[in-house]
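The exercises below are meant to be worked with the sequence and the coordinates open side by side. Try each task before reading its solution.

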Amino acid sequence: MHVFFKSDLFRSFSIIDPLKVFSDVHSCLIHDENASTGSRIKSFDLGDKKNYYRVGIITQILCLVYYENRVPLQLRFFHNAITSFALSKASYLERVQFFMLRYIYSNITGVTVGDGGTCTSLVMLAFSTAVQIGLFKQETHRHFRDDPIYLHDLWAWILYADFETSFAIGSPLQISQEFEYQCNTDFGTFHTFNDSVLFFRRVMRQIYFPHFAPDLESLISELKSFFTSHFGTLSSYVEHG
């Protein structure tokens, strides 16, 4: 856990509060202390609400920083099982975070099933659960254990992931515009990232607008201006001999 939260990966994808995860590690993992074999995890304590996603977050983090492409079959079965849950008590913040961690893992390892179908499904599962718990509303953030800064970043990454998967498969955005502005547009520390997400989503809407053809020349000009103003010119990244 410490390796993950000190990594560049977490600094780039700060979608979960480290304090909550460490608390769940201590409360959900039951150890068997043995003098010969040392401390081993023998079972899980899921609490009265049986929130499997608290453990799912822990095991998915292990996949990201420890197992990588060598994920044990038992963990694969566990992740697939809780991904396919269709329960009345599945509206947890941890469910959203688990799906987004799986989305990140799929992209890092290249397990996107070619056409991006896996990532699209994970993003839509994350989004539908996020809407159910009101994550897009600023006033609901005080009801969760995570610091609001991580909730802002989580929502920004859901909006980005919708753009990324739509772009990858060549389809319109799945998340409507009304959800882009329901919470503070200053998503945590990602000022430039947030600006980019909203800009690219606007371009995608214009490209797939059903009632008229997009003005591609104008959009290309906008893209050039956006990249220049936010990231500078290409020459500033090239060493001059």
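Axes are lines fitted to C-alpha atoms, for helices over the stretch in contact, and angles run from 0 to 180 degrees between N-to-C directions. This is a predicted model, in which local features need pLDDT of at least 70 and side-chain atom pairs count only at pLDDT 80 or more, while totals for chains, interfaces and linings use all residues. Residues are numbered from 1 along each chain as its sequence is written, and side-chain values use heavy atoms, with hydrogens and water left out.

**Exercise 1. Describe how helix α7 packs against helix α8.**

Step 1: Locate the two elements, helix α7 at residues 117-132 and helix α8 at residues 148-169; helices (H or I, at least four residues) and strands (E, at least two) are DSSP runs, numbered from the N terminus.
Step 2: Fit the axes, which lie 10 Å apart and form an angle of about 145°.
Step 3: List the contact, where contact means heavy atoms within 4.5 Å: α7 contributes Cys119, Thr120, Val123, Met124, Ala126, Phe127 and Ala130, and α8 contributes Trp155, Ile158, Ala161, Asp162, Thr165 and Ile169.
Step 4: Sort these residues by class, which gives ten nonpolar, two polar and one charged, given that Ala, Val, Leu, Ile, Met, Phe, Trp, Tyr, Cys and Pro count as nonpolar, Asp, Glu, Lys and Arg as charged, and the others, Gly among them, as polar.

**Exercise 2. Determine whether arginine 102 is buried or exposed, and find its contacts.**

Step 1: Place arginine 102 in helix α6.
Step 2: Apply the cut-offs, by which buried means under 20% relative accessible area, exposed over 50%, and partly exposed in between (1.4 Å probe, protein chains only).
Step 3: Arginine 102 counts as buried because its relative accessibility is 19%.
Step 4: Leave aside neighbours within four places in sequence, and arginine 102 is in contact with Gln60, His79, Asn80, Thr83 and Leu122; the C-alpha atoms of arginine 102 and leucine 122, which are 20 residues apart along the chain, are separated by 7.3 Å.

**Exercise 3. Carry out the analysis for phenylalanine 85, starting from its place in the chain.**

Step 1: Phenylalanine 85 is found in the loop between α5 (73-83) and α6.
Step 2: Its relative accessibility is 24%, so phenylalanine 85 counts as partly exposed.
Step 3: Not counting residues up to four places away in sequence, phenylalanine 85 touches Tyr52, Tyr53 and Arg95, and its C-alpha atom is 10.0 Å from that of tyrosine 52, 33 residues apart along the chain.

**Exercise 4. Which elements have the lowest and the highest mean pLDDT?**

Step 1: Recall that pLDDT is the predictor's confidence in each residue, from 0 to 100.
Step 2: For the chain, the mean is 85, and 87% of residues reach 70 or more.
Step 3: Among the elements, strand β2 (residues 38-44) has the lowest mean, 71, and helix α6 (residues 93-109) the highest, 93.
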